[in-house]
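Colleague: I am new to this one and would like to know how its labels are earned. Could we go through them together?

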Amino acid sequence: MATRYYFDIRNGEELYADRQGIELRDEETAAHEAMQSLLSMAKDNPPLDKHSLLAFEIRTDQGPLFQVSLNRGITRH
């Protein structure tokens, strides 16, 4: 039986709620989907001079489950 997972996007301090979600078979599939989507988003948005967090906060109708995140930025020496 599929479960509806919601992929809320965190970009720095901003949180954008996923209102539709997607039905997937399990948490492992949701984690894989989140990681692939996060890497795709990071590729399309170059790093900034300051560090910023880009993440998916995964939840179901029962509540939050986990976060898949990437700390983007350039550290200059």
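Modeller: Gladly! Two strands pair if DSSP finds at least two bridges between them. Helices (H or I, at least four residues) and strands (E, at least two) are themselves DSSP runs, numbered from the N terminus. This is a predicted model, where local features need pLDDT of at least 70 and side-chain atom pairs count only at pLDDT 80 or more, while totals for chains, interfaces and linings use all residues. Residues are numbered from 1 along each chain as its sequence is written, and side-chain values use heavy atoms, with hydrogens and water left out.

Colleague: How do you know that β1 and β4 are paired, and in which sense do they run?

Modeller: Six bridges join these antiparallel strands, so the requirement of at least two is met. Arg10, for instance, stands opposite Ala55 in β4.

Colleague: What makes β3 and β2 (residues 14–16) partners of β1?

Modeller: Three bridges join β1 to β3 in the antiparallel sense, and Arg4 has Glu23 in β3 as its bridge partner. Strand β2 also pairs with β1 over three bridges, again antiparallel, with Glu14 in β2 as the bridge partner of Asn11. Two residues lie between the strands of the β1 and β2 hairpin, where Gly12 takes a positive phi near 65°.

Colleague: On to the helix. How does the reach of α1 compare with what is expected?

Modeller: The expected span is 1.5 Å times one less than the number of residues. Helix α1 (residues 27–44) has 18 residues and reaches 26 Å from first C-alpha to last, close to the expected 26 Å.

Colleague: Which residues of α1 are buried, and where do they sit around the axis?

Modeller: Ala30, Ala34, Leu38 and Ala42 are the buried ones. They cover an arc of only 95°, which puts them on the same side of α1; the arc is that of the directions from the helix axis to the C-beta atoms. On the other side, Glu28, His32, Lys43 and Asp44 are exposed. The buried residues of α1 pack against β1 (3–11), β3 (22–24), β4 (52–60) and β5 (63–72).

Colleague: Why is Ile58 called buried or exposed?

Modeller: Buried means under 20% relative accessible area and exposed over 50%, with partly exposed in between (1.4 Å probe, protein chains only). Ile58 has 1% relative accessibility, so it counts as buried. Ile58 is found in strand β4. Beyond its neighbours within four places in sequence, its contacts (heavy atoms within 4.5 Å) include Tyr5, Phe7, Ala30 and Ala34.

Colleague: How many aromatic pairs are there in the whole structure, and what kind of pair do Phe7 and Phe56 make?

Modeller: A search of the whole structure finds one. The ring centres of Phe7 and Phe56 are 5.9 Å apart and the planes lie at 85°, so the pair is edge-to-face. Rings of Phe, Tyr and Trp (its six-membered ring) pair if their centres lie within 6.5 Å; planes under 30 degrees apart are stacked, over 60 edge-to-face, and the rest tilted. The pair links Phe7 in β1 with Phe56 in β4, 49 residues apart, and both residues are buried.

Colleague: What makes a group of residues a nonpolar core?

Modeller: Its members are buried Ala, Val, Leu, Ile, Met, Phe, Trp, Tyr and Cys residues joined through side-chain atoms within 4.5 Å. The largest core has eleven residues, among them Phe7, Leu24, Phe56, Ile58 and Val68. β1, α1 and β4 each give two or more residues to this core, and α1 gives the most, with four.
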